[in-house]
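Biologist: I am new to this structure. Please take me through one part of it closely, the helix packing where the chains meet, and then show me what surrounds that part.

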Amino acid sequence: MNDTRLPLQTVAIYLGALLIFVWSGGPFIWQFSTSFQLDKALTSGSPSLIPHPFTLEHYYNAFVEKQLHRYVWNSLVVSLATTFLCLFVGSLAAFALSRLNIKGRFGILMVILSVSMFPQIALVGPLYLVATNLGLLDTYTALIITYLALGLPLVTWVLFGYFETLPREIDEAARMDGVSVPGLLWRIILPMSLPSLVTTGLLAFITAWNEFLFALAFTSNIDRQTIPVGIANFTNLYYVPWGDIAAASAVVTVPLILLVLFFQRHIIEGLTQGGVKE
Amino acid sequence: MSAAATIPGIGRPRRSGKALPGALWALLLLTPAFVSLASVSFYPIVNGLYLSLTNTSLITQEQDFTGFSNYVELWGDPQFWNAWWHTMWFTAASTVLETVIGLGMALILCEAFKGRGLVRAAMLVPWAMPTVVTSKMFGWLFDGQNGIVNYILLHAGLIDQNINWYGSTDTAMITIIIADVWKTTPFMALLLLTGLQTVPNSLIEAARMDGAKGWITFWYIRLPLLMPTLLIAGLFRALDAFRVFDLVYVLTGGGPADSTETLSTLSYKVLFSTLQFGYGSAVSTAMFVTEGIIALVFCLYLIRQIRRAQ
């Protein structure tokens with residue numbers, strides 16, 4: 001197609017691409033730069049993209065005053081536990097739906113997917129009552145159980161799609177060799193699905209890492225609060241500490257962005273297959 | 001290819017000779033997922049429906065069956081309708097903007113140009129960022145005094161005084177819509193891009209041979225073929241936008257003067273600030289019903305479109 005393109009079109013495409021890049025990356029670049037600038041510079045009325053003078057004050061405030069690392073720890077525990085549980089439960093379900101002869105499997109898949117469309121605000125009240133009755137408020141357990149159900153539909157859907165691409169001759173051969181059903185999943189299908197497991201795991205991790213509503217409702221102290229709740233509560237008495245907020249944002253977002261960039265091809269493939277294809 | 005050859009056999013009953021207690025295994029393997037979804041998704045919906053018919057309150061400790069009185073109250077509650085309209089407006093505006101801008105981005109990304117990988121990578125940034133962080137970030141970008149957006153607009157001569165973006169009832173909802181569009185459009189574009197790439201190049205080449213101009217091939221070939229993807233992506237986006245909570249709760253808390261109150265933030269406040277779980281459940285059930293209707297209308301339209309295309 002390149003050879004038929006007019007010079008004007010080429011210019012338009014590059015302009016458009018630049019616009020997309022600035023639109024997507026610009027705000028975070030500014031946030032990142034903000035995190036290294038003194039409050040005085042930020043309110044001076046002449047903003048500059050290059051931090052001058054450069055300061056780590058906001059990072060100091062975020063960790064020492066606001067105890068950011070405690071939120072990070074809580075988020076890590078909850079998100080990692082959620083990820084592994086999601087992969088475990090999700091791969092069992094996806095394997096059953098893909099490899100065992102189940103009537104109405106697409107109906108089951110549709111029900112699982114439609115669950116992810118339920119408004120979460122409709123779940124939070126009743127679940128709060130259950131958590132209260134079971135003494136699960138302010139525990140990791142309550143968050144992990146909830147996030148498992150939130151992540152499960154997408155994980156099951158994407159893993160199902162991947163399992164469907166694995167040739168069925170393998171099943172037949174394994175069965176000839178006397179491999180049992182769990183053996184087929186554990187020793188043959190799962191090892192072949194490593195790329196897909198990594199992607200879906202990352203999706204489950206991001207879901208848990210970014211979740212706000214349930215964390216807000218179920219936790220009330222820093223021992224169990226996750227990063228989104230912590231950052232939402234980042235306020236000072238007399239002014240909004242934009243610099244400290246920017247520092248905390250950078251700390252919790254940069255690792256995520258690096259992970260996503262590293263796995264970007266898989267993520268887009270995985271999600272399109274899970275989200276748009278019928 | 002052997003893989004391709006086996007795919008048509010997916011739905012067929014297996015002809016395996018060895019007797020496996022298949023049904024039993026299926027049940028066993030599906031049980032954890034069912035238990036999880038049943039207890040964390042289905043049970044709360046049903047329980048919420050029941051609570052909405054009671055006067056449950058965590059303050060008075062009452063829990064009596066009161067029939068439809070919560071819904072009668074809801075019907076006459078201006079706060080509820082205020083939030084309902086805001087939610088509908090937000091959903092419609094953000095879905096349309098995200099789909100249209102996303103399509104534009106996808107069309108650009110469809111072309112070959114240097115640095116395409118970099119642009120695509122940058123597009124995943126808004127998606128990966130926690131929504132709470134996005135909210136705070138837009139709080140800073142659109143700050144009424146020192147926000148960079150005001151600074152740029154002022155120096156470009158587009159405005160002559162600072163706009164108090166999310167601090168004023170006129171512009172608060174617009175700010176939230178902009179933040180949502182920023183966060184979700186790039187991902188929408190990537191979804192549409194994969195849809196566009198399935199349009200066979202030979203079709204477009206053939207049209208070009210016949211002398212069709214760029215926008216004609218877009219309008220008559222790419223767009224119709226992309227329609228199903230566009231509609232499904234739009235549906236998912238609309239259902240997601242309808243539930244908006246984090247962005248509003250963190251950026252404005254529903255204010256100023258309730259001008260950005262949505263159904264999710266209203267439900268949350270009724271549930272956790274006034275602790276009226278009965279009435280709060282009525283609000284969230286009404287929301288669930290509205291979402292169901294949106295999904296239904298969308299699906300019916302989608303089915304009709306697909307039928308017509310065939």
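Modeller: What follows starts at the contact between the chains and then works outward.

Keep in mind that this is a predicted model.

Start with the whole interface. In total, 82 residues of chain B are in contact with 78 residues of chain A. On the chain B side, helix H2 (residues 22-51) gives the largest share, 16 residues. The residues on that side of chain B divide into 53 nonpolar, 21 polar and eight charged.

Now look closely at H2(B). One partner across the interface is helix H4 (residues 68-99) of chain A. The two axes come within 8 Å and cross at roughly 135 degrees. H4(A) is therefore oblique to H2(B). Their crossing is left-handed.

Which residues meet there? From H4(A) come A:Val89, A:Gly90, A:Leu92, A:Ala93, A:Phe95 and A:Ala96. From H2(B) come B:Ala26, B:Leu29, B:Leu30, B:Pro32, B:Ala33 and B:Ser36. This contact of H4(A) with H2(B) holds ten nonpolar residues, two polar ones and no charged ones.

The UniProt record adds context for both helices. Its unreviewed entry places a "transmembrane region" at residues 71-96 of chain A, among other spans. In the model, residues 71-96 of chain A are 100% helix and 0% strand. The end C-alpha atoms of that span lie 37 Å apart. For chain B, the unreviewed UniProt entry gives the annotation "transmembrane region" to several spans, including residues 22-46.

Step back to chain A as a whole. Chain A has 14 helices and zero strands. Its C-alpha trace spans about 75 × 70 × 35 Å along the principal axes. Chain A is divided into domain 1 (2-57) and domain 2 (70-233). The centres of these two domains, taken over C-alpha atoms, are separated by 36 Å. Another span that UniProt calls a "transmembrane region" in the unreviewed entry is residues 245-263 of chain A. Residues 245-263 of chain A are 95% helix and 0% strand, with end C-alpha atoms 27 Å apart.

Two loops of chain A deserve a look. The peptide bond from A:His52 to A:Pro53 is cis, with omega near 0 degrees. A:Pro53 sits in the loop between helix H2 (39-42) and helix H3 (57-65) of chain A. Further along, A:Asp138 has a positive phi of about 60 degrees, although it is not a glycine. The loop that holds A:Asp138 runs between helix H6 (121-133) and helix H7 (140-165) of chain A.

Now go into chain B, away from the interface helix. According to the unreviewed UniProt entry, residues 84-298 of chain B carry the annotation "domain: ABC transmembrane type-1". This span of chain B is 75% helix and 0% strand. Its end C-alpha atoms lie 19 Å apart.

Two helix pairs show the packing in chain B. Take helix H5 (residues 116-128) and helix H8 (residues 172-197) of chain B. Their axes come within 7 Å and cross at roughly 130 degrees. H5(B) and H8(B) are therefore oblique to each other. This crossing of H5(B) and H8(B) is left-handed. H5(B) brings B:Met123, B:Pro126 and B:Trp127. H8(B) brings B:Trp182, B:Lys183, B:Pro186, B:Phe187, B:Ala189 and B:Leu190. The contact of H5(B) with H8(B) counts eight nonpolar residues, no polar ones and one charged.

The second pair is helix H4 (residues 78-110) and helix H10 (residues 214-242) of chain B. They pack at an angle of about 145 degrees, with axes 9 Å apart. H4(B) passes H10(B) in a right-handed crossing. The H4(B) side includes B:Phe90, B:Ser94 and B:Glu98. The H10(B) side includes B:Leu230, B:Gly234 and B:Arg237. The residues of the contact of H4(B) with H10(B) divide into five nonpolar, six polar and two charged.

Two more annotated spans of chain B can be checked for helix. Residues 121-142 and 172-196 of chain B are among those with the UniProt annotation "transmembrane region". Residues 121-142 of chain B are 86% helix and 0% strand, with end C-alpha atoms 25 Å apart. Residues 172-196 of chain B are 100% helix and 0% strand, with end C-alpha atoms 35 Å apart.

Finish with a loop in chain B. The peptide bond from B:Gly255 to B:Pro256 is cis, with omega near -15 degrees. B:Pro256 lies between helix H11 (246-251) and helix H12 (263-272) of chain B.

Key:
Residues numbered from 1 in each chain as written. Chains lettered and ligands numbered in written order. Predicted model: local features only at pLDDT ≥ 70, side-chain atom pairs only at ≥ 80, totals over all residues. Axes fitted to C-alpha atoms, helices over the stretch in contact; angles between N-to-C directions. Helix = DSSP H or I, 4+ residues; strand = E, 2+ residues; numbered from the N terminus. Parallel < 35°, antiparallel > 145°, perpendicular 65-115°, else oblique. Left-handed = near helix turned anticlockwise from the far one by under 90°. Contact = placed C-beta atoms within 7 Å. Nonpolar A, V, L, I, M, F, W, Y, C, P; charged D, E, K, R; others polar. UniProt positions renumbered as here; feature names shortened; annotations may be inferred. Domains from an automatic or database assignment.
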